[in-house]
Amino acid sequence: MASMERTPGDSSENVVLVTVWIGRGSHEGRDNEMAQLVRTAGGTVADFIHQNLAKPDAGSFVGSGKAAEIAERAKAQGVSTVVFDHNLTPGQVARLERITECKVVDRTELILAIFAQNARTVQSRLQIELAQLKYTLPRLSGMWHHFSRLGAGIGTRGPGETQLEVDRRRARTRIAVLEARLAALETGSKLRRAARSGMFKVSLVGYTNAGKSSLLNALCNSSALVEDKLFATLDTTSRRLVLPGSGTVLLSDTVGFIERLPETLVASFRSTLDAVREADLLLLVADGNCPDRDEKLSIVTKTLERIGAGDTPRILVWNKSDLGGLPPSRGISVSALTGDGLNDLLDAVTIFWKNTLAWYTVTLDIPDGGLENWIRRNCLVESSVRTDSGGSVFHCAPVRGAGELAARVKAASGRLLLMEADS
Ligand SMILES: Nc1nc2c(ncn2[C@@H]2O[C@H](COP(=O)(O)OP(=O)(O)OP(=O)(O)O)[C@@H](O)[C@H]2O)c(=O)[nH]1
Ligand SMILES: [Mg+2]
C-alpha cells in the first residue's frame with residue numbers, strides 16, 4: 001500500500017515539520033509534541049515551518065505560496081520528507097508532493113507509523129494493520145487518480161483504474177480477514193474473567209508518556225514495558241493489585257491518549273480500550289511536571305467521553321512528583337520512580353472501593369469454622385467480634401456481590417444466623 005511506504009518510521013530521516021494554526025494560537029507546545037512524535041517514529045526535525053490561517057486551502061492546505069516556501073526550505077535542508085501536524089486529503093497530499101518534490105506525511109499517518117513500529121503482540125499488529133488499511137482505503141482513489149488518465153478510448157478502463165479496483169478489492173478483503181481474526185482472538189480474556197468473578201476493576205488512563213506503565217510496575221511489582229517514547233504501550237496488561245489490609249482488585253494499563261487521537265485507531269483498538277470502558281474506577285494519570293499538564297488533562301477527559309467512559313468515576317493522579325512542578329490543587333501527587341505518594345493512592349482506591357460495596361452485619365450464634373473462613377476469604381472484613389457463646393459477629397462486605405453469602409446464611413437455617421444490611 002502506498003501510504004504504508006510513505007512512513008518515516010522505517011529509517012532515521014530528517015524532516016521538515018509544518019504546523020498550522022487555524023485561527024490564533026501558539027506553536028510552541030505543538031512543535032515540541034510533534035518533534036517528539038517524529039523522534040519516536042525514527043526521524044529528526046531539521047526545520048520548523050509555521051503558519052496561521054483563517055481557514056485551510058482546499059487545494060494544498062497551506063496555499064501555493066507557503067507550499068513553495070516549504071519546497072525551498074526542504075531543499076535548503078536537503079530533506080525529502082515533510083510532516084504536517086494536520087490531516088490532509090489525498091488531493092492535498094498529491095498537490096503538496098508535486099510542489100515540494102518531497103514525500104508528504106500527515107498527522108494520522110505519522111501516528112499510525114509509530115503504532116505500527118511499536119506493535120509487539122499479534123493483536124496489536126492486526127489492530128494497527130486494520131487502522132492503516134481503513135485510513136488508506138478511501139485515499140486509494142487519490143493516489144491512483146493520475147494513472148487513470150492513461151486509459152484509452154471511451155468506456156475502456158485505464159491500467160491505473162484497473163489497478164485501483166484490484167487494490168481496493170484486496171484492501172476490502174484484507175479488512176474483512178483482519179476483522180474476523182481480531183474477533184476470534186480472545187481479547188481481554190483476563191478482564192472478562194475478572195468481570196465474571198466480580199473483581200473490582202481499576203484502569204490506568206492518561207496522556208501518552210505520563211507514566212501509566214511505570215505506575216503499574218510500581219504498584220503491582222510487575223515489569224510492563226516503560227520507555228521515554230510516545231505510545232510505548234499498545235496492549236492492555238492486567239495485574240492483581242493487593243490493597244494492604246483490604247483485598248485484591250484488578251489493575252489494567254493500556255494505550256495512552258494524545259490530542260486528536262485518530263478515529264481509525266480508536267475504532268481498531270476498540271477491544272484494547274475495553275479495559276477503560278469496563279473499569280469500575282479510573283486512575284487518571286497526568287505528568288505533573290509537564291508545562292501544559294492542564295491542556296493534556298482536558299484532552300484525556302474529552303477522549304474518555306469519546307470512547308464511552310465519560311461517566312466512570314476517577315481519581316486524579318499527578319505523577320513524576322520527584323521532578324517538581326507546581327503543587328496541584330486537587331488529586332494525589334505520586335512518583336512511580338521513588339514510590340512517593342503511592343500509599344496515599346492505595347488508600348484512596350481502597351476507600352473508593354469500600355464505598356461501592358454493600359456492607360452487612362453477620363451474626364453466628366455458635367462457632368462455624370467453615371463459614372468463618374469463607375467470610376474471611378470472600379469478604380472485606382472491617383471487624384469481627386467473638387461472642388460469649390463462642391459465635392461471632394462480622395461487619396463485612398462480600399466482594400463479589402451478596403448472593404452467595406445470603407445463600408450460605410439461608411442454608412444454615414435452624415441456627416441463629418443473621419445477616420443485616422447496613423442502612
Ligand atoms: N522522573 C520520573 N520519570 C518517570 C516517572 N514515571 C515514569 N517516568 C518516566 O516517564 C517515561 C514514560 O513512562 P511510561 O511508564 O512508559 O509512560 P506511559 O504512560 O506508560 O506511556 P505510553 O505507554 O507510551 O503511553 C519513562 O521514561 C519513565 O521512566 C516518575 O515518577 N518520575
Ligand atoms: Mg505505557
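Of the 45 residues in the largest nonpolar core, which touch the most other members? In this predicted model, these residues are L37, F115, F231 and L304. The secondary-structure elements that each supply at least two residues of this core are β1 (13-22), α2 (28-40), α5 (107-118), α6 (122-136), α11 (263-268), β8 (281-287), α13 (293-306) and β9 (314-319). Helix α5 accounts for the largest share, with five residues. A second core, separate from this one, comprises 31 residues and includes F200, L215, L241 and L357. In soluble globular proteins, nonpolar side chains tend to be buried together.

The surroundings of L37 illustrate the packing of the largest core. With residues up to four places away in sequence left out of the count, L37 touches R107, L110, I111, I114, L230, F231 and I258. F231, one of these partners, is located in the loop between α10 and β6 (237-243). The relative accessible area of F231 is 1%, and this residue is therefore classed as buried, the limit being under 20%. The backbone of F231 has a positive phi of about 55°, although the residue is not a glycine. A positive phi of about 80° is likewise found at N209, also not a glycine, and N209 is placed in the loop between β5 (201-206) and α10. Most residues other than glycine have a negative phi.

Ligand 1 is surrounded by 23 residues, of which K212, S214, A232, T233 and D322 are the closest. By class, this shell consists of eight nonpolar, nine polar and six charged residues. Helix α10 (residues 212-220) gives the most to the shell, contributing three residues. Polar contacts to the ligand involve both backbone and side-chain atoms of the protein. A polar backbone atom of G211 lies 2.9 Å from an oxygen atom of ligand 1, and an N or O atom in the side chain of S214 is 2.6 Å from an oxygen atom of the ligand. A nitrogen atom of ligand 1 is 3.1 Å from a polar side-chain atom of N319. On its own, ligand 1 has 650 Å² of accessible area, and the protein covers 89% of this area.

A further polar contact was identified within the protein, at Q51 of strand β2 (residues 43-53). Q51 has a relative accessible area of 10% and is therefore buried. The side chain of Q51 reaches the backbone oxygen of V62 at 2.9 Å.

How values were computed: Residues are numbered from 1 along each chain as its sequence is written. Chains are lettered from A and ligands numbered from 1 in the order in which they are written. This is a predicted model: local features need pLDDT of at least 70, side-chain atom pairs count only at pLDDT 80 or more; totals for chains, interfaces and linings use all residues. Side-chain values use heavy atoms; hydrogens and water are left out. A residue is near a molecule or strand if one of its heavy atoms lies within 4 Å of it. A polar contact is a pair of N or O atoms within 3.5 Å; within protein, one must be able to donate a hydrogen and the other to accept it, and residues adjacent in sequence count only if both atoms are side-chain atoms. Accessible areas come from the Shrake-Rupley method with a 1.4 Å probe; for residues, only the protein chains shown count as cover. Helices (H or I, at least four residues) and strands (E, at least two) are DSSP runs, numbered from the N terminus. Ala, Val, Leu, Ile, Met, Phe, Trp, Tyr, Cys and Pro count as nonpolar, Asp, Glu, Lys and Arg as charged, and the others, Gly among them, as polar. Buried means under 20% relative accessible area, exposed over 50%, partly exposed in between (1.4 Å probe, protein chains only). A nonpolar core is a set of buried Ala, Val, Leu, Ile, Met, Phe, Trp, Tyr and Cys residues joined through side-chain atoms within 4.5 Å. Contact means heavy atoms within 4.5 Å.
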